[in-house]
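This briefing introduces one structure to a reader who has not seen it before. Please look over the sequence and the structure first, then read on.

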Amino acid sequence: LQPVSATQTLRRLAAIDAEARLLARQHGPLSLNFESGEDGNSTVLTLSREDVERSYTLNALIGLESEELLADSLGFDRHGQSVDYSATIGNGSRTLHIAGLTGWSQLGSQEERP
């Protein structure tokens, strides 16, 4: 298998974010938690609420950044909204910026902001 690129990994994260927003609108508030994988080279994302839990493994270490983020967890309200945040892969060469209100996302370098 070919290794997954940073861009592909961040696009998958954007798809998981979109799924979290949809589930929150359909079933109520939920959280998306980010944890380092056991191998130290991956990130495990878990979508959870009282009756739902889904896990995904991304083959890279993901760093989250937000002015309003207190831990490696994002909350989505019943409207599917979260805080604005950025996710970077390992060395920070590629960054995904996500607008919390709408879910709009943009891939760029770490220096770029939407």
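**Leu32 and its surroundings**

Outside its neighbours within four places in sequence, Leu32 is in contact with Ile16, Leu45, Thr46, Leu47, Asp72, Ser73, Leu74 and Phe76. The model described here is predicted. Leu32 also belongs to the largest nonpolar core, where Leu32 is among the five residues that touch the most other members.

**The nonpolar core**

- The largest nonpolar core holds 25 residues, and Leu13, Leu32, Phe34, Leu45 and Ile62 touch the most other members.
- Two or more residues of this core come from each of H1, S1, S2, S3, strand S4 (62–65), S5, strand S6 (85–89) and strand S7 (95–98).
- The element that gives the most to this core is H1, with seven residues.

**The sheet S3-S2-S1-S5**

- Four strands make up an open sheet, ordered S3-S2-S1-S5, and their pairing is antiparallel.
- Strand S3 (52–58) and strand S5 (73–76) each have a single partner strand, so one side of each is left without a neighbour in the sheet.
- On average, and with direction ignored, neighbouring strands of this sheet are turned by 15 degrees against each other.
- Four bridges join strand S1 (residues 30–36) to S5 in the antiparallel sense.
- The bridge partner of Ser31 in S5 is Gly75.

**The sheet S4-S6-S7-S8**

- An open sheet of four strands follows the order S4-S6-S7-S8, with antiparallel pairing.
- S4 and strand S8 (105–108) are the edge strands, and each of them pairs on one side only.
- In this sheet, neighbouring strands are turned by 20 degrees against each other on average, direction ignored.
- S6 pairs with S7 in the antiparallel sense over four bridges.
- Ala87 has Leu96 as its bridge partner in S7.

**Helix H1 and the two sheets**

- Helix H1 (residues 6–27) lies across S1, strand S2 (43–49), S3 and S5.
- The direction of H1 is at about 175 degrees to S3.
- H1 also lies across S4, S6, S7 and S8, and runs at about 20 degrees to S7.
- Which element gives the most residues to the largest nonpolar core? That element is H1.

Methods
Residues numbered from 1 in each chain as written. Predicted model: local features only at pLDDT ≥ 70, side-chain atom pairs only at ≥ 80, totals over all residues. Heavy atoms only, no water. Pairing = 2+ DSSP bridges. Axes fitted to C-alpha atoms, helices over the stretch in contact; angles between N-to-C directions. Contact = heavy atoms within 4.5 Å. Core = buried A, V, L, I, M, F, W, Y, C linked by side-chain atoms within 4.5 Å. Buried < 20%, exposed > 50% of the residue type's maximum accessible area, 1.4 Å probe, protein only.
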